Amino acid sequence: MAASPTDPVPADSRAAPHPPPGLAQLFLGFLSVTVVAFGGVLPIARRALVERYRWVTPEEFTELIGLAQFLPGPNIVNLAVVVGGRFQGPLGALAAFLGLTLVPAVGVVLVSVVFTRYGDIGAVSSMLAGLAAAAAGLVIAMAARMAEPLWRHPRLHSSAIAIAAFLAMTLVSLPLAQVMAVLLPAALALSWWAHRR
Amino acid sequence: MSDDSPITALVLHFLLISLLAVGGANAVLPEMHRQVVEVAGWMSNAEFARTFAIAQAAPGPNMLVVTLIGWQVAGAWGALAATLAMCGPTCVLAYVVGGLWHRFREARWRRVVQGALVPLAIGLIAASGVVLAQGAARSVPTALFTAATAIVLYLTRISPLWMMALGAGLGALGLI
């Protein structure tokens, strides 16, 4: 397989272009991602893991996102665990997890303590109210982005599942466990039926 | 399930939540809200929205809202317990499944499962946005700003940070 030197990225290369990262590199790599990730880690993680460190190829990254979504738990945490585990086993998974969460966890508590202490001051509380409004808008925008494939290539079963999940949680306000117990088997059955042909 | 220790309640709650969190931590926000605000009464509606805003504004994974809830309910141990409950079992699962993932990459059942989980996740995250918007909407201008933020961030590629800063600024000035 002769790769032309003009190819910017060997897209089908399965060999990691860089030597596999060690524990410290995994910790520091995910730390460097997380400390600049305001409002969402995934886009920054992609830039770092694929382009800067080249630990995974673009195709592998897309696969790993699929895996992280398919698994329960926070997506970016799952991604870090899978990447860390692939290179350095359980300790690598732990290093990636701690790199991702340790510093921001302490930071977010400190920020919260400061905000709580000065929360009585009208301006701070008003500022947080404005921040909360923006954060809600961010989630709605993310949902709209994620829903794009649904209205670009509308498929009845996918749309029905998404709308049912939305209505169950907003209009009816059912506990998530009940919603999942009903909708997950229904969604699997519909998806299986749609993939039959 | 009435236990004297809020830490036990936190751990049980976030263990269950984490296993339901298909599609990420944001997909289970309505359920967290239900438990934290309506069932346990650990926080008011506005406090919950504010806690989420702080977790969004601070750098790092958005699931750190769990750490903050733990902190506010039961201090440092609460923060640690809630975070580990949210991440521990699912990390082990992710580690095990991640090792097997390549083997099944072409399997048909995997596409079927993804075909079911992706729309579920989309519906749940959209519901999260609505639940948060309701908590944040203290006035008509606030609600309008949430809508404007959603539209701007959907249509453009600008960093969400700009809209967060704008919201904080407008809020501090008493404009929204």
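**Close-up 1. Residues 76-100 of chain B form a span that is 100% helix.** In this predicted model, the C-alpha atoms at the two ends of the span sit 36 Å apart. Strand makes up 0% of residues 76-100. UniProt, in an unreviewed entry, lists this stretch of chain B as a "transmembrane region".

**Close-up 2. Residues 112-133 of chain B are another helical span.** Here the end C-alpha atoms lie 33 Å from each other. Again we have 100% helix and 0% strand. The unreviewed UniProt entry puts residues 112-133 under "transmembrane region" too.

**Close-up 3. Here's where chain A meets chain B.** On one side, 83 residues of chain A take part, and they are in contact with 90 residues of chain B. Which helices of chain A each supply at least two residues to the side that touches chain B? They are α3 (58-70), α4 (75-117), α5 (122-152), α6 (156-170) and α7 (176-195). The top contributor is α5(A), which gives 24 residues. Sort the chain A side by class and you get 61 nonpolar, 19 polar and three charged residues.

**Close-up 4. Inside chain A, helix α1 (residues 23-34) crosses α4(A).** How do the two helices sit relative to each other? Their axes come within 7 Å and cross at roughly 40 degrees. Angles under 35 degrees would count as roughly parallel, so α1(A) and α4(A) are oblique to each other instead. The crossing of α1(A) past α4(A) is right-handed. Look at the residues in this contact and you'll find 15 nonpolar and six polar ones, with no charged residues.

Terms used: Residues numbered from 1 in each chain as written. Chains lettered and ligands numbered in written order. Predicted model: local features only at pLDDT ≥ 70, side-chain atom pairs only at ≥ 80, totals over all residues. UniProt positions renumbered as here; feature names shortened; annotations may be inferred. Helix = DSSP H or I, 4+ residues; strand = E, 2+ residues; numbered from the N terminus. Contact = placed C-beta atoms within 7 Å. Nonpolar A, V, L, I, M, F, W, Y, C, P; charged D, E, K, R; others polar. Axes fitted to C-alpha atoms, helices over the stretch in contact; angles between N-to-C directions. Parallel < 35°, antiparallel > 145°, perpendicular 65-115°, else oblique. Left-handed = near helix turned anticlockwise from the far one by under 90°.
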